[in-house]
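Hi,

Here is the model I promised to pass on. Have a look at it first, and my notes on what turned up are underneath.

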Amino acid sequence: MLHSRPEEDQLNCVYTLPIFGDNSTDFLPKYQLGQKSINPELAYQLIKDDLLDEGSARLNLATFCQTYMEPAAVRIMSETLEKNAIDKSEYPQTTDLENRCVNIIADLWNAPQDMAFIGTSTVGSSEACMLGGLAMKFSWRKNAEKFGLNINEKKPNLVISSGFQVCWEKFCVYWDIEMRLVPIDENHMSLNMDTVMDYVDDYTIGIVAIMGITYTGKYDDVKKLDKLVETYNQTTDFKISIHVDAASGGLFAPFIHPDLEWDFRLKNVISINTSGHKYGLVYPGVGWIIWKDKCFLPSELIFKVSYLGGDIPTMAINFSRSSSHIIGQYFNFLSYGYDGYREIHQRTRNVAKYISEEVAKTGLFEIYNDGDNIPIVCWKMKENADKKWTLYDLADRLRINGWQVPAYPLPNDMSNIVIQRVVIRQDLSLQLAGLFVENLKESIHTLDHAHIIIYGNTDEKKGAFGFTH
Ligand SMILES: *Cc1c(COP(=O)(O)O)cnc(C)c1O
């Protein structure tokens, strides 16, 4: 278990010295605070060694989070670790860099000229989603009271596809909201436009559309959703709006699918979040949310912190944190520019297409996503593949070469289907992808001839193998 008191035998776990020529014979406890200080360099080495077997982050094809940044980016980030993002008054220039990022992102999402967008950085999309959801809840309540709805009769609800990321479940639990799930199925691998409006009523605070479903990489059809919502809104005082969870697609689609209308071009899309640390190309620790206009962010959610003798609004949930990731985001915008982002994403997408083709060529798998939306590829075993091994075995086998590729069941109504997914990021070059494909084929060959299959074709293995977010 993480973050818990260790088992009795672990309590006695110690580092034994000497190490690397250090002559001390001390024992250092691992789960208790040691009595004496040790040399910082020695502490560095001990921790480095602790982390040695965690695998190479670049071979981790399970995560959307960035595992590479330019050396100059790392330099500016490590030189700004001490700056506290909330101290707007002490660090007015840093505050301005954040504000430039908000402006750049609002432009990328086509914020209308005749409206006044407002936005903030966050720790990640999870915090941003909390804020987007809260704004919708507060707006709903105000409107409900205005039109005389008994707000205590039922819980308010949020409508989202069953391919939601866990932060939305947290949102609904934390703020006491009913989560209404629109199931995905074989023919609707993203939000089902035929049924979504059946889930809406006077108690709906909003609909969340996902740009890049975590499980399958598909985009929800936000344009179609906007039309459905517009038609619905003509008939009621309890108007619905759309928040787009663009954690993975928000800083990808504007460069690769610029003509796709999913953002503030759509009338009923009022807020959007993204993870700077996914296709914004920053190391984990930054997210963004922007409301199309100030009026969509209820004033109760705006607080003031002092800024150069005056006040500046803040709406993030968290207070103190380092500015370095915000600065890293600005570095990327400044250094790459539009063309740079587009080229990096295009190359990443080409690698996804290549892997998808190679996986298909084995003849064993049905491709669910070929990297056409966000650059992730996922597949399931063909019904007639006739193998004794499963995707869990394949994941296990690939781990021997250092690759981390999760296998997991699809959500809810499709949980009988197990898929495997690779997320392609900028640091998976075509050369590395070639190596991956080679290892994949070798793994299949080995499994075909294996005497012992660890997971095999049993029905019990329904859990996820590896990290699936
Ligand atoms: C990753 C992800 C999140 C959570 O984002 P963090 O930045 O990790 O907090 C939320 N929604 C979707 C669709 C995601 O892919």
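Let's start with helix α4 (residues 92-108) and helix α9 (residues 324-361): their axes come within 9 Å and cross at roughly 50 degrees. Bear in mind that this is a predicted model. Angles from 35 to 65 degrees fall in the oblique range, and therefore α4 and α9 count as oblique to each other. The hand of the α4/α9 crossing is left-handed.

If you want to see who touches whom, the α4 side brings Thr94, Leu97, Glu98, Arg100, Cys101, Ile104, Ile105 and Leu108. Facing them from α9 are Ile326, Ile327, Gln329, Tyr330, Phe333 and Tyr338. Sorted by class, that α4–α9 contact has ten nonpolar residues, two polar ones and two charged ones.

There is another helix pair to look at. Helix α5 (residues 125-146) packs on helix α6 (residues 166-174) at an angle of about 45 degrees, and the axes are 9 Å apart. That makes α5 and α6 oblique to each other too, therefore, but here the crossing is right-handed. On α5 the contact residues are Ser126, Cys129, Met130, Gly133 and Leu134, and they meet Cys167, Trp168, Lys170, Phe171 and Tyr174 on α6. The class count for α5 with α6 is seven nonpolar, two polar and one charged.

Now the sheet. It is an open one of four strands, in the order β12-β13-β15-β14, and the pairing is antiparallel. Its edges are β12 (365-370) and β14 (407-409), each of which pairs on one side only. On average, and ignoring direction, neighbouring strands in this sheet are turned by 30 degrees against each other.

At the β14 edge, β14 pairs with strand β15 (residues 418-423) over three bridges, in the antiparallel sense. Which residue in β15 is the bridge partner of Tyr408? That one is Ile419.

Helix α9 comes back into the picture here as well: α9 lies across β12, β13 (376-381) and β15, and runs at about 165 degrees to β12. So besides meeting α4, α9 has contacts with strands of the sheet.

Last, the overall layout. The protein chain is divided into domain 1 (10-54), domain 2 (74-333) and domain 3 (348-447). Between the C-alpha centres of domain 1 and domain 2 there are 43 Å.

Cheers

How values were computed:
Residues are numbered from 1 along each chain as its sequence is written. This is a predicted model: local features need pLDDT of at least 70, side-chain atom pairs count only at pLDDT 80 or more; totals for chains, interfaces and linings use all residues. Side-chain values use heavy atoms; hydrogens and water are left out. Axes are lines fitted to C-alpha atoms, for helices over the stretch in contact, and angles run from 0 to 180 degrees between N-to-C directions. Helices (H or I, at least four residues) and strands (E, at least two) are DSSP runs, numbered from the N terminus. Angles under 35 degrees count as roughly parallel, over 145 as roughly antiparallel, 65 to 115 as roughly perpendicular and the rest as oblique. A crossing is left-handed if the near helix is turned anticlockwise from the far one by less than a right angle, and right-handed if clockwise. Contact means heavy atoms within 4.5 Å. Ala, Val, Leu, Ile, Met, Phe, Trp, Tyr, Cys and Pro count as nonpolar, Asp, Glu, Lys and Arg as charged, and the others, Gly among them, as polar. Domain bounds come from an automatic or database domain assignment. Two strands pair if DSSP finds at least two bridges between them.
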